[in-house]
Amino acid sequence: MAHDHHAPAGHGHGHAHGHGHGHQTDIDWAEMGPVLESQAELLAPAYREAMGWLAEETPEPGLIVDAGSGPGVVACLFAEEFPGARVTAVDGSGPLLERARARAARLGVDGRFSTVTGELPEALHELEFPADLLWASRSLHHLGDQRAALAAFAERLAPGGTLALLEGGLPARYLPRDIGIGRPGLQSRLNAAEEEWFSRMRAELPGAVAEPEDWPALLTAAGLKPTRTRTFLLDLPAPADEAARDYAAAYFTRLRDGLGDVLDADDRATVDRLLDRADPESLYRRADLFVLDAYTVYTAVRPR
């Protein structure tokens with residue numbers, strides 16, 4: 001699942017997905033590439049499980065498109081999990097797609113791998129063939145008119161092709177309710193602040209249209225037939241390894257940088273301590289740090 005680097009903390013999910021959209025022009029994508037890659041690699045078990053589930057319905061897709069692919073970790077997983085498929089990664093960031101091509105070459109799947117640089121959904125018109133499986137992981141919610149974007153996604157499906165939409169899920173959890181410093185319930189307050197941030201982000205997008213997040217209804221409105229919904233867990237229990245600690249630290253860093261003005265002084269001080277490597281209570285030293293995250297995938301088929 002691609003992930004959400006636009007939100008200060010990934011809209012409650014702390015992921016990094018790398019789909020370069022024009023409304024966020026201050027991000028240095030070349031610099032973000034390694035961070036986005038390491039975060040997506042941590043999520044690989046959940047992605048592989050989701051791909052196995054998708055294969056039940058779409059066992060032999062000829063062309064898989066990752067719409068909002070970022071540095072190509074997930075697109076390359078698709079190439080590995082579906083050895084008969086061609087995979088096209090579509091993203092607005094040239095530097096991230098360079099990383100995607102390099103990754104495909106390292107993994108030996110570059111003969112079946114291509115990229116398209118451009119903003120969604122218009123860039124999908126550059127595809128040479130319709131998609132048998134189009135994967136959109138938390139890229140849709142960065143487009144102002146989600147209904148129109150889904151209709152554009154649907155147009156690029158082959159008859160009988162599947163759109164797999166990853167949106168929603170649950171906010172990630174990294175720490176217990178009471179962590180021994182600050183007021184208990186820190187994460188719930190941070191999540192509430194993120195929800196407010198997300199609403200503002202949506203409202204400020206070019207061509208923003210307010211839309212209830214009833215994904216099956218929106219898929220139906222796009223002319224597709226909803227088929228299945230399933231939620232996949234990333235469950236990395238305590239004590240966390242270094243990769244999980246880095247993932248959590250990236251989440252809290254984005255929160256502090258993106259929501260700092262919203263947090264009260266006590267919560268800001270707690271987050272600062274969690275991110276201070278020298279502090280015995282920091283994320284880098286705590287024995288109670290874990291990663292528990294939930295990703296919901298909706299599938300719909302274009303009628304033949």
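Which side chains meet in a salt bridge with 2.8 Å from N to O? They belong to Asp264 and Arg183, and this pair is a handy place to start a walk through the structure, which is a predicted model. Asp264 sits in the loop between H8 and helix H9 (265-274), while Arg183 is in the loop between strand S6 (170-173) and H6. The two are 81 residues apart, so the bridge links distant parts of the chain. As for how open the site is, Asp264 has a relative accessible area of 31% and is partly exposed. Arg183 is partly exposed too, at 40%. The pair isn't on its own, either: salt bridges with shared partners join Arg183, Arg189, Asp264, Asp266 and Asp267 into one network.

Now for other charged pairs. Side chains of opposite charge can pair when their charged atoms come close. The count for this model comes to 18 salt bridges. One of them is between Glu41 and Arg103, with the closest N and O atoms 2.4 Å apart. Here again distant parts of the chain are linked: Glu41 belongs to helix H1 (residues 29-42) and Arg103 to helix H4, 62 residues apart. The two ends of this bridge sit in unlike surroundings, since Glu41 counts as partly exposed at 40% relative accessibility, whereas Arg103 counts as buried because its value is 9%, under the 20% cut-off.

What is around that buried arginine? Setting aside neighbours within four places in sequence, Arg103 is in contact with Glu37, Glu41, Pro71, Gly72, Val73 and Cys76. So Glu41, its salt-bridge partner, turns up in the contact list as well.

Another bridge brings together the side chains of Arg147 and Glu211, at 2.9 Å from N to O. Arg147 lies in helix H5 (residues 146-155), and Glu211 is in the loop between helix H6 (186-203) and helix H7 (215-221), so the pair ties together parts 64 residues apart in sequence. In this case the acid is the buried end: Glu211 has a relative accessible area of 18%, while Arg147, at 40%, is partly exposed.

Let's go back to helix H4, the home of Arg103, which spans residues 94-107. Together with S2 and S3, H4 makes a right-handed β-α-β unit. The strands of that unit, S2 (residues 86-91) and S3 (residues 113-117), pair in the parallel sense over five bridges. To find the register by eye, look for Thr88, whose bridge partner in S3 is Ser114.

Finally, the nonpolar interior. In soluble globular proteins, nonpolar side chains tend to be buried together. The largest nonpolar core in this model has 63 residues, and those with the most contacts inside it are Phe78, Tyr174 and Phe252. Helix H8 (residues 242-259) supplies the largest share of this core, namely eight residues. A second, separate core has 28 residues, among them Ala136, Leu143, Trp215 and Tyr298.

Phe252 is a good residue to zoom in on. Leaving out neighbours within four places in sequence, Phe252 is in contact with Tyr174, Leu175, Gln187, Leu190, Val271, Leu274, Leu275 and Leu283. Tyr174, in that list, is also one of the residues with the most contacts inside the largest core.

Methods: Residues are numbered from 1 along each chain as its sequence is written. This is a predicted model: local features need pLDDT of at least 70, side-chain atom pairs count only at pLDDT 80 or more; totals for chains, interfaces and linings use all residues. Side-chain values use heavy atoms; hydrogens and water are left out. A nonpolar core is a set of buried Ala, Val, Leu, Ile, Met, Phe, Trp, Tyr and Cys residues joined through side-chain atoms within 4.5 Å. Buried means under 20% relative accessible area, exposed over 50%, partly exposed in between (1.4 Å probe, protein chains only). Helices (H or I, at least four residues) and strands (E, at least two) are DSSP runs, numbered from the N terminus. Contact means heavy atoms within 4.5 Å. A salt bridge is a side-chain nitrogen of Lys or Arg within 4 Å of a carboxyl oxygen of Asp or Glu. Two strands pair if DSSP finds at least two bridges between them. A crossover is right-handed if, with the strands pointing away from the viewer, the path from the first strand over the helix to the second runs clockwise.
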